[in-house]
Amino acid sequence: MLIENKLKTIEVRLNDAKRRRLTVGDTIVFTDLRTHRQLTTQVTSLDQFTTFQALFNRYSSLQVGSGPQASVAQMVHDMHTLYSPAQERRLGVLAIGIAPR
């Protein structure tokens, strides 16, 4: 819903091999795992960072889909529940600009 309403404009991921193949203009289809509803988006930008902290210092909490009061420290902590600090160090992170199609 956040992407559909153009509130979330940045998808945050590790910069792994799959993400390194992305280019501006590519299509990404997101699927809600609860409802199986799909949303098609277009990649509008790709920005690489060495750490989640650097990424979150660049983009607002709302742009990345967090609450308006979320701190950089909290957002980094949340990402570390999905990805380990070792993965972050090894691969770096990617801010994928997205827009609904």
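**View 1. The pairing of strand 3 with strand 4 around F49 and V93.** In this predicted model, F49 of strand 3 (38–49) stands opposite V93 in strand 4, which spans residues 93–100. Strand 3 and strand 4 pair in the antiparallel sense over eight bridges, where two strands are taken to pair if DSSP finds at least two bridges between them. The strands themselves are DSSP runs of E with at least two residues, whereas helices would be H or I runs of at least four residues, both numbered from the N terminus. Residues are numbered from 1 along each chain as its sequence is written. Local features need pLDDT of at least 70 and side-chain atom pairs count only at pLDDT 80 or more, while totals for chains, interfaces and linings use all residues, and side-chain values use heavy atoms, with hydrogens and water left out.

**View 2. The open sheet and its edges.** Four strands form an open sheet in the order 1-4-3-2, with antiparallel pairing. Strand 1 and strand 2 stand at the edges with a single partner strand each, so one side of each is left without a neighbour in the sheet. From one strand to the next the twist averages 45°, the axes being lines fitted to C-alpha atoms (for helices over the stretch in contact) and the angles running from 0 to 180 degrees between N-to-C directions.

**View 3. Strand 1 against strand 4.** Strand 1 and strand 4 run antiparallel and are joined by five bridges; among the facing residues, V12 stands opposite A95, and R13 has L94 as its bridge partner. Four of the five residues of strand 1 (residues 10–14) are buried, so this strand is largely enclosed by the rest of the structure; buried means under 20% relative accessible area, exposed over 50%, and partly exposed in between, with a 1.4 Å probe and protein chains only.

**View 4. K6 and K8 in the segment before strand 1.** K8 is buried, with a relative accessible area of 16%, and its side chain makes a polar contact of 2.7 Å with the side chain of E11. Such a contact is a pair of N or O atoms within 3.5 Å; within protein, one atom must be able to donate a hydrogen and the other to accept it, and residues adjacent in sequence count only if both atoms are side-chain atoms. K6, by contrast, counts as exposed at 59% relative accessibility, and K6 has a positive phi of about 60° although it is not a glycine.

**View 5. The hairpin of strand 2 and strand 3.** Five bridges join strand 2 to strand 3 in an antiparallel arrangement, and I28 has T41 as its bridge partner in strand 3. The hairpin has six residues between the strands, and in this loop H36 takes a positive phi of about 65° although it is not a glycine. H36 is exposed, with a relative accessible area of 59%.

**View 6. The lining of the largest pocket.** A pocket is found on a 1 Å grid over the protein atoms alone, as an open set of points where a 1.4 Å probe fits, with protein on both sides within 12 Å along at least five of seven lines; lining residues have an atom within 4 Å of a point. About 440 Å³ of space lies in the largest pocket, which is lined by 15 residues, of which M1, L2, I3, F30 and D32 lie nearest its centre. Strand 1, strand 2 (27–31) and strand 3 each supply at least two residues of this lining.

Methods:
Points joined across faces, edges and corners; volume = space filled by probe spheres on them.
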